[in-house]
Amino acid sequence: MDETTAVREPVDLRSDTVTMPSDRMREAAANAPVGDDVYGEDPSVNDLEATAAEVLGTEAALYLPSGTMANQTAARVHTERGQEAIVETESHVVRYENAGFAQHSGVQIRPVDAGDRAVPSAAQVADAVIADDLHRPGTGLLCLENTHNAKGGLVATPDAIAAAAEAAHDRDVPVHLDGARLANAAVAADVPLSAFAAHVDSVSLCLSKGLGAPVGTVLAGSEAFVATARGVRKLLGGGMRQAGLIAAPARLALTENVARLADDHANANRLAAGIDGLDGLRAPARETNVVLVDTSESAIDAETFVERCADAGVLGSAFGPETVRFCTHLDVDTAAIETALERIETVVRSRRPSRKLNSVRRRRR
Ligand SMILES: *Cc1c(COP(=O)(O)O)cnc(C)c1O
């Protein structure tokens, strides 16, 4: 590490998954009563699952290692091989889950572009559902996402979820809600998490994103759904043993860190407002904690912008050729956002031409 790179702590806005467990979470982990969760004997896991079911207003819930496993498990439970799943074109299950619906469930994707909305309209869902006949697969699932990650943490209201879900249910199609950031949606819409969950057959919620848990996602639904999902989790290799060590801090994330997401949303707006209008950069105001920066009118592409920001001490992610994502979270306070903005301004002011730098990077993404 040379002198110029031995700078300062970077402000890490790559994702809301980068948060460190608090001292209280570490204590909860150290003191958690545990047992073998595959036998259903881990009191801390059972406690988390009961709490999650209560918060989401469902009969039951299941603790899984990741949000990806939760979505894949839900798809496997709801569908039969050879069916289709209706999904938003830019949803996480399409972009980032390794074609898991095809691999684990033998299900084909029917993408529906919801445009500037987070979820498809009732009419779009109705149009996309197909009946099962000799030549056609039949629709086995509608999978919604809230908040919508690729659309910049866009919120779907409970009414929008209800409308899409009703169109599916009217045609006997079950609905899964990928609620990785559902707590952000709840805080932004000022409703309880259960207001969304009430309309769907299963819902996932990441505890390891904005809520700050070290590990895990809950998947909730009816007793019958969760009983089957428990078997699928085992099939996928997600049966865990003394998992109370991670479930106890995850429960704290759920009981204590929801309301404070409003701070992350305010910080994201502050960041977006500061970036918007800087030398060809556009960053529209956001409802939640995901800031998307459009670099298309600036002299540099997204990759280069991310590299230069990293050199200046602000970490983000290239989210497309001309889109950069910054995520706010509980380890960046308002002062850190101001620092990030100052550093981003220096990057923009330096106006170096857009080409890859050869210097050795201190940090790799
Ligand atoms: C992060 C995320 C997931 C997957 O969560 P992992 O725990 O990283 O597997 C699923 N859906 C959405 C919308 C996400 O943002």
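This briefing covers the nonpolar cores, the ligand shell and several individual residues of one structure. The model is predicted. Its largest nonpolar core has 53 residues, and another core of 28 residues lies apart from it. A ligand is present, and the protein covers 83% of the ligand's 380 Å² of accessible area.

**Nonpolar cores**

- The largest nonpolar core holds 53 residues.
- Within this core, Y63, L142, L182, L205 and L207 touch the most other members.
- Helix α7, residues 158-169, supplies the largest share of this core, with six residues.
- Another core of 28 residues lies apart from it, and V11, L278, V324 and A336 are among its members.
- L205 can be followed through its contacts beyond four places in sequence: G179, A180, L182, A183, L193, L211, T217, V218 and L254.

**Around the ligand**

- The shell around the ligand consists of S66, G67, T68, N71, H92, E97, E145, D178, A180, R181, C206 and K209.
- By character, these shell residues split into two nonpolar, five polar and five charged.
- Helix α3 gives the most to this shell, with three residues.
- At G67, a polar backbone atom is 2.8 Å from an oxygen atom of the ligand.
- At T68, an N or O atom of the side chain lies 2.6 Å from an oxygen atom of the ligand.
- At K209, a polar side-chain atom is 2.6 Å from an oxygen atom of the ligand.
- Of the 380 Å² of accessible area that the ligand has on its own, the protein covers 83%.

**H78 in helix α3**

- H78 belongs to helix α3, which spans residues 67-78.
- H78 counts as buried because its relative accessible area is 17%, and the cut-off for buried is under 20%.
- The H78 side chain makes a polar contact with the side chain of S202, at 2.8 Å.
- Leaving out neighbours within four places in sequence, H78 is in contact with G140, L141, P174, V175, H176, D201, S202 and F225.

**G179 in strand β6**

- G179 sits in strand β6, which runs over residues 175-179.
- At 0% relative accessibility, G179 is buried.
- Beyond four places in sequence, G179 touches N146, S204, L205 and C206.
- One of these partners, C206, also belongs to the ligand shell.
- G179 and A131 are 48 residues apart along the chain, and 27 Å separates their C-alpha atoms.

**Backbone features in loops**

- N146 and T147 are joined by a cis peptide bond, with omega about -5°.
- T147 is in the loop between β5 (139-145) and α7.
- D172 is not a glycine, yet has a positive phi of about 60°.
- D172 lies in the loop between α7 and β6.
- D172 counts as exposed because its relative accessibility is 70%, and the cut-off for exposed is over 50%.
- D190, also not a glycine, has a positive phi of about 55°.
- The loop holding D190 runs between α8 (182-189) and α9 (194-197).
- D190 is exposed, at 69% relative accessibility.

Notes
Residues are numbered from 1 along each chain as its sequence is written. This is a predicted model: local features need pLDDT of at least 70, side-chain atom pairs count only at pLDDT 80 or more; totals for chains, interfaces and linings use all residues. Side-chain values use heavy atoms; hydrogens and water are left out. A nonpolar core is a set of buried Ala, Val, Leu, Ile, Met, Phe, Trp, Tyr and Cys residues joined through side-chain atoms within 4.5 Å. Buried means under 20% relative accessible area, exposed over 50%, partly exposed in between (1.4 Å probe, protein chains only). Helices (H or I, at least four residues) and strands (E, at least two) are DSSP runs, numbered from the N terminus. Contact means heavy atoms within 4.5 Å. A polar contact is a pair of N or O atoms within 3.5 Å; within protein, one must be able to donate a hydrogen and the other to accept it, and residues adjacent in sequence count only if both atoms are side-chain atoms. A residue is near a molecule or strand if one of its heavy atoms lies within 4 Å of it. Accessible areas come from the Shrake-Rupley method with a 1.4 Å probe; for residues, only the protein chains shown count as cover. Ala, Val, Leu, Ile, Met, Phe, Trp, Tyr, Cys and Pro count as nonpolar, Asp, Glu, Lys and Arg as charged, and the others, Gly among them, as polar.
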